[in-house]
Amino acid sequence: MKAMFLALCVMFSGFSQAALIKFEADKANYQVGDTVSIAVVLSSFSRPVAAALVDFGYTNSFLQFLSAEAGNGFDDGLGSYFDVDSSIDGIFKFSDFADLFADETILAANQGSSFVLATIKFRALDAGFAELVFDTSTLFISDFFDEEFAMESDNLEFNIAAAQVPAPATALLLLAGLACLYRRQQQK
């Protein structure tokens, strides 16, 4: 019985697939008012990917959703089916599917060993600590045979600094004020 169980485990272990989904920011540091561009990247998959359903939360007190754009990983020339739902503040959902008749070899070439699922842009609203967190309970990535990939996720945390007043402009204002005070003293 133990030998049979071990044989089954070994047999099915070859069928498991794992993939990593992560956020990649365009910069390391942001200031209030900056546009924050985040790429959602999929890597470490063993076969071409055909579908993705991704939900994640973001700190809506620090970030405001601006736009989303599909990557080219599901487009073989026939297009893909990209859909976005940003109706709930602080939660972002998107899905992208390859066409039913997509050429799997073209998709494999487009995807390579990793590819951008989508690029999402936010506006930095306030200074503080912002984070993007995948909802792993709803995360779904599959191949052309509807075989779901086992997923690992890598969330993103970053700091948004207060917008700084440029020092030269401040110094010029100070000098102009002092000049006005000096002129006023001379006229008296």
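**Asp146 and beyond: asking for the reasons**

Guide: Let's start in the loop between E10 and E11, where Asp146 is found. Keep in mind that this is a predicted model.

Visitor: Why does Asp146 count as exposed?

Guide: Its relative accessibility is 64%, and exposed means over 50%, so Asp146 earns the label. Asp146 also has a positive phi of about 60°, although it is not a glycine.

Visitor: And Ser44, what makes this residue partly exposed?

Guide: Ser44 comes out at 48% relative accessibility. Exposed would require over 50% and buried under 20%, so Ser44 falls in between and is called partly exposed. You will find Ser44 in the loop between E3 and E4, and its phi, near 60°, is positive in a residue other than glycine.

Visitor: How do you know that Asp143 and Arg47 meet in a salt bridge?

Guide: The N to O distance between their side chains is 2.5 Å. The cut-off is 4 Å between a side-chain nitrogen of Lys or Arg and a carboxyl oxygen of Asp or Glu, so this pair qualifies.

Visitor: Which parts does the pair tie together?

Guide: Asp143 lies in the loop between strand E10 (140–142) and strand E11 (150–154), while Arg47 lies in the loop between strand E3 (35–43) and strand E4 (51–58), so the salt bridge ties together parts that are 96 residues apart in sequence.

Visitor: Is Asp143 buried or exposed, and on what grounds?

Guide: Asp143 has a relative accessible area of 2%. Buried means under 20%, so Asp143 is buried. Its partner Arg47, at 31%, is partly exposed.

Visitor: How many salt bridges does the structure hold?

Guide: Three. One of them joins Asp34 to Lys27, with the closest N and O atoms 3.4 Å apart. Another joins the side chains of Glu24 and Lys22 at 3.3 Å, N to O. Both values are within the 4 Å limit, so both pairs count.

Visitor: Why is Lys22 called partly exposed?

Guide: Lys22 has a relative accessible area of 23%. Buried would need under 20%, so Lys22 belongs to the middle class. Asp34 gets that label at 22%, Glu24 at 37% and Lys27 at 41%.

Visitor: On to the strands. How do you know that E3 and E8 pair?

Guide: Nine bridges join E3 to strand E8 (residues 114–124). Pairing takes at least two bridges, so these strands pair, and they run antiparallel. Within this pairing, Val41 has Val116 of E8 as its bridge partner.

Visitor: What is the order of the strands in the open sheet?

Guide: Five strands form the sheet, in the order E5-E8-E3-E1-E11, with mixed pairing. What makes strand E5 (63–70) and E11 edge strands is that each pairs on one side only. Direction ignored, neighbouring strands of this sheet are turned by 20° against each other on average.

Visitor: Which residues form the nonpolar patch on the surface?

Guide: Leu172, Leu174, Leu175, Leu178 and Leu181, with about 530 Å² of accessible area together. A patch residue needs over 30% relative accessible area. Leu172 has 59%, so this leucine passes that cut-off. Leu172 has its place in helix H3 (residues 167–187).

Visitor: How many helices and strands does the whole protein have?

Guide: Three helices and 12 strands. Of the 188 residues, 31% are buried. The accessible surface comes to about 11300 Å², and 58% of that belongs to carbon and sulfur atoms.

Notes: Residues are numbered from 1 along each chain as its sequence is written. This is a predicted model: local features need pLDDT of at least 70, side-chain atom pairs count only at pLDDT 80 or more; totals for chains, interfaces and linings use all residues. Side-chain values use heavy atoms; hydrogens and water are left out. Buried means under 20% relative accessible area, exposed over 50%, partly exposed in between (1.4 Å probe, protein chains only). Helices (H or I, at least four residues) and strands (E, at least two) are DSSP runs, numbered from the N terminus. Accessible areas come from the Shrake-Rupley method with a 1.4 Å probe; for residues, only the protein chains shown count as cover. Patches are made of residues with over 30% relative accessible area and no salt bridge: like charges are joined within 9 Å, nonpolar side chains (Val, Leu, Ile, Met, Phe, Trp, Tyr) within 5 Å. Axes are lines fitted to C-alpha atoms, for helices over the stretch in contact, and angles run from 0 to 180 degrees between N-to-C directions.
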